[in-house]
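Me: I have a protein model open and would like to go through it step by step. Could you help me read it?

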Amino acid sequence: MQVFQDRKKRNEELIEEIILEQYNQYYRLAYSYVHNEADACDIVQNGAYKALRSSHTLQKPEYARTWVYRIMLNEVFTYLKQPQMESYEYMQEIQGNVEEGTEDSYTDIDLQNALDMLPAKDKAIVTMKYFEDKKLEEIADILNENVNTIKSKLYRSMKKLRIQLIDEG
């Protein structure tokens, strides 16, 4: 029983450390999907709570970062499945009424809109690869997919993005 308690405490501390260290990355991930500060914060908070609450189920501490990232990504996907009302800020952004220089305005709205047209998992692959500099093997671990499947989805997603951006341009 003591061994279980020690492992649970170590896992909890490790998960807490990872969450604190990677909080901004998780926030940016959530925000890239929901386009709303409050919702992105809620997603990260819920993900952090679930990760800490389930820390005792982590079998291999060396995979803790991937495990937490997967929880955050699943939290995003869960949020996206819920019926949503669009926020005022998001509607302003879509209509092009975002003030110049606002902290969360996108530098390339066309790219963001094209990314938003991809299915959630395909968008996650592109985001992790090109905006978070994750290796294909890491992405495969996070999404629990084969590396070749990730490569194929990335290739198809990039092709869709190019077509979308050419059509808009």
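Me: How much area does the protein expose, and what share do carbon and sulfur atoms supply?
Reply: This is a predicted model. The protein exposes about 10800 Å², and 50% of that area is supplied by carbon and sulfur atoms.

Me: And what percentage of the residues count as buried?
Reply: The protein has 169 residues, of which 37% count as buried.

Me: Changing topic: how many helices and strands are there?
Reply: There are eight helices and zero strands. Read from the N terminus, the order of elements is α-α-α-α-α-α-α-α.

Me: What about aromatic rings, how many pairs are there?
Reply: The count comes to three aromatic pairs. One of them involves Tyr33 and Phe77: the ring centres are 6.2 Å apart and the planes meet at 85°, so this pair is edge-to-face.

Me: Why is 85° called edge-to-face?
Reply: Planes over 60 degrees apart count as edge-to-face, and the rings of Tyr33 and Phe77 are at 85°.

Me: Where in the chain do the two residues sit?
Reply: Tyr33 belongs to helix α1 (residues 2-34) and Phe77 to helix α3 (residues 64-81). They are 44 residues apart, so the pair links distant parts of the chain.

Me: Is Tyr33 buried or exposed? And Phe77?
Reply: Tyr33 counts as buried because its relative accessibility is 8%, where the cut-off is under 20%. Phe77 is buried too, with a relative accessible area of 10%.

Me: Which residue lies over the face of Tyr33?
Reply: Lys123 does, at 4.2 Å from the ring centre. Elsewhere, the charged end of Lys134 sits over the ring of Tyr69, 4.8 Å from its centre.

Notes:
Residues numbered from 1 in each chain as written. Predicted model: local features only at pLDDT ≥ 70, side-chain atom pairs only at ≥ 80, totals over all residues. Heavy atoms only, no water. Phe/Tyr/Trp six-rings, centres within 6.5 Å; stacked < 30°, edge-to-face > 60°. Helix = DSSP H or I, 4+ residues; strand = E, 2+ residues; numbered from the N terminus. Buried < 20%, exposed > 50% of the residue type's maximum accessible area, 1.4 Å probe, protein only. Lys NZ or Arg CZ within 6 Å of the ring centre and 35° of its normal. Areas by Shrake-Rupley, 256 points an atom, 1.4 Å probe, with all protein chains shown as cover.
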